[in-house]
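Trainee: I'm new to this one and would like to understand how the labels get assigned. Can we go through it together?

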Amino acid sequence: MGVSQMPVAEGKSVQQTVEILTRKLEMLGAEKQGTFSVDCETYHTAASTLGSQGQAGKLMYVMHNSEYPLSCFALFENGPCLIADTNFDVLMVKLKGFFQSAKASKIETRGTRYQYCDFLVKVGTVTMGPSARGISVEVEYCPCVVASDCWSLLLEFLQSFLGSHTPGAPAVFGNRHDAVYGPADTMVQYMELFNKIRKQQQVPVAGIR
Amino acid sequence: MQKGVCGGGRAGLALPGLENPELAEGGRDSESRGCTGVSCAYPIGRSVFISVVFHLITVVMEAPPVTMMPVTGGAINMMEYLLQGSVLDHSLESLIHRLRGLCDNMEPETFLDHEMVFLLKGQQASPFVLRARRSMDRAGSPWHLRYLGQPEMGDKNRHALVRNCVDIATSENLTDFLMEMGFRMDHEFVAKGHLFRKGIMKIVVYKIFRILVPGNTDSTEALSLSYLVELSVVAPAGQDMVSDDMRNFAEQLKPLVHLEKIDPKRLM
C-alpha cells in the first residue's frame, strides 16, 4: 500500500542501513518470508514513429513484481497502467522497431519480505546496474482495500520502525481516497520512486530528507 | 496467523475481476506454508510451470516459503496453424451437428466477441497490427490482445497456414493504453458463433457483424449470408505434425465444409 524511500543514514552504506531496518523489524516480531523483487525497464518511442504522432516521445515503463509473478505492468507517467500477463514481454520484443529500450536505465529493487500480523513489509535495495542507489520500503496492510480507511494505521506502524523518516501520503491516494486500491497503484508508486532515485546523485552524501 | 493475512498476495494474478480464472496462481496459505499450485491455460507455460511447482514442493517443506521470482514468458515462439472455410446460413445446423459428434464432449459453447484492430504506423512500409478482443457476454473476462505475424512461406506441402502468434490477457483499459502507445483503431467488428474443441484443436464457427456506428456494438448488421469456419491450433514452433492432424480432421468435415489454407495476401 505505501512505498517510500528510506534515505541512507549519514556515514553508513546502503547495506548497513538495510541491516539496521531489518533488525528493527525482527525485534518488533516480524517474520521473514522469503525475498521479493520489483524491476522496471524504460522504453521510449523510436524516432520513426514520432512524425506521425506529432508529439514528443513518451516514456513507457514495463515493470514486474514478484508479488504477482504471472503479471506484467506497463505504464505511462500520468497515464493508464495496463496489467497484462507475461507474454507482454514477448510483444515488446516484437515492437522493437517502434519502442526502443533504454538498456542502461533498467532499475530494480530486491530484498526481504517480512510479515507482521496483518502487515507485509518489504525492504529492498534499489540497484541500477551494479551500483546500489537507495533503499525502498513497502508496507502493505492486507485486510483493507480502501486507502483512506487505513492510512492513519499505516502511518502509525511506519513510525514505529522508520522513526523520523516516515513519509507523507503518496500522491496516488491524492484525489481518490475512497477508491479501491489495486496492484496498479503499487506499481505507480514504485515507478515514481525509481524515477526519483534515477534523478538523484550517485552517492547521496547530503543529509537525511 | 489469520487466514486473511495474505490478502495482498492471495490472488497471484493481478487482473481484477477474474472470477473464473483459467490463469491462476495458488495462494500462499499460511498454514501449509508453501505454494499450493500453479496452473496456466497456455500450453506454452505448462511445462515451465510444472517444473517450478515440483521444485518448490520438494525444497520448501521445512524452510519458509520462498516467494516465486517473476516468471517471464520465455523465448518460446508460438505459432498458429490455421485452416479456414465457410458455410452458408442454411447449412449451419448440419455442420454444428457433425461437429458436436466429432469434437470433445462438452457443453455447447457460444460466444459474442467485439474485436478491434489497431495499427501503429512507423517508417516501415507495413504498419504493426494488434487485435484487441473482448467478450460481450462473459462479464469479467480479461481482454485478449493478439499479435499475428506474417504467414510462413516455407513448405508448400504444409497443409495449414502457419504464422507467429503472441496472445496476451490484459486488464480492461487496453484501448486507452494502446492509444497512449500510438496505436490507432483501423476497424472493428462483432463475432458471434460457436466454439468446439478437439484435443488441442479449436474449431470456431462464427458470423461477422459490421458495426454501423463506431463504438456502438448494439447496431450491427451481418456482413454476409454465411458463417466463417476456422480450425486452428496454437503450438510451439517446429511441430509440423500438427498440420497433418488438422488435415485429417478437416477431411472428416467434407463435404459439409471445405477447410483449406487461405493465404491472406492473395485476397488483397
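**A buried charge and its neighbours**

Mentor: Start with B:Glu188, which is buried yet has no salt bridge. Keep in mind that this is a predicted model.

Trainee: What makes you say that B:Glu188 has no salt bridge?

Mentor: A salt bridge needs a side-chain nitrogen of Lys or Arg within 4 Å of a carboxyl oxygen. For B:Glu188 the nearest side chain of opposite charge is B:Arg134, and that is 7.2 Å away. So the cut-off of 4 Å is not met.

Trainee: Which side chain does B:Glu188 make a polar contact with?

Mentor: With that of B:His114, at 2.8 Å. A polar contact has to be within 3.5 Å, so this pair qualifies. B:Glu188 sits in strand β10 of chain B, and its contacts beyond the neighbours within four places in sequence include B:Met116, B:Ile211 and B:Pro214.

Trainee: Now a pair that does count. How do you know that B:Glu180 and A:Lys58 meet in a salt bridge?

Mentor: Their N to O distance is 3.5 Å, and the limit is 4 Å, so the label fits. B:Glu180 belongs to helix α4 of chain B and A:Lys58 to the loop between α2 and β3 of chain A, so the pair joins two chains.

Trainee: Why is B:Glu180 called partly exposed?

Mentor: Its relative accessibility is 23%. Buried means under 20% and exposed over 50%, so B:Glu180 falls in between. A:Lys58 also has 23%, so partly exposed is the label there too.

Trainee: And why does A:Met60 count as buried?

Mentor: A:Met60 is at 0% relative accessibility, so it is under the 20% cut-off. A:Met60 lies in strand β3 of chain A. Among its contacts outside the neighbours within four places in sequence are A:Tyr43, A:Phe76, B:Phe177 and B:Met181.

Trainee: What makes A:Glu67 and A:Arg113 a salt bridge?

Mentor: The closest N and O atoms are 2.8 Å apart, so they come within the 4 Å limit. The pair links distant parts of the chain, 46 residues apart, with A:Glu67 in the loop between β3 and β4 and A:Arg113 in strand β7 of chain A. A:Glu67 is buried at 1% relative accessible area, and A:Arg113 is buried at 2%.

Trainee: How many residues apart in sequence are the parts that B:Arg146 and B:Glu80 tie together?

Mentor: They are 66 residues apart, because B:Arg146 lies in strand β8 and B:Glu80 in strand β5 of chain B. Their side chains meet in a salt bridge at 3.0 Å, N to O. Both B:Arg146 and B:Glu80 are buried. Going back to chain A, salt bridges that share partners join A:Glu67, A:Arg113, A:Lys122 and A:Glu138 into one network.

Trainee: How many salt bridges are there over all chains?

Mentor: A search of the whole structure finds 18.

Trainee: Last one: what span is expected for helix α5 of chain B?

Mentor: The expected span is 18 Å at 1.5 Å a residue, for a helix of 13 residues. From first C-alpha to last, α5 of chain B reaches 19 Å, which is close to that. Its buried residues are B:Val242, B:Ser243, B:Met246, B:Phe249, B:Ala250 and B:Leu253.

Trainee: Why are those residues said to be on the same side of α5(B)?

Mentor: Because they cover an arc of only 120° around the axis. The buried residues of α5(B) pack against elements of chain B including β5, α3 and β13.

Definitions and conventions. Residues are numbered from 1 along each chain as its sequence is written. Chains are lettered from A and ligands numbered from 1 in the order in which they are written. This is a predicted model: local features need pLDDT of at least 70, side-chain atom pairs count only at pLDDT 80 or more; totals for chains, interfaces and linings use all residues. Side-chain values use heavy atoms; hydrogens and water are left out. Helices (H or I, at least four residues) and strands (E, at least two) are DSSP runs, numbered from the N terminus. Buried means under 20% relative accessible area, exposed over 50%, partly exposed in between (1.4 Å probe, protein chains only). Lys and Arg count as positive and Asp and Glu as negative; His and the chain ends are not counted. A polar contact is a pair of N or O atoms within 3.5 Å; within protein, one must be able to donate a hydrogen and the other to accept it, and residues adjacent in sequence count only if both atoms are side-chain atoms. Contact means heavy atoms within 4.5 Å. The expected span of a helix is 1.5 Å times one less than its number of residues. The arc is that of the directions from the helix axis to the C-beta atoms.
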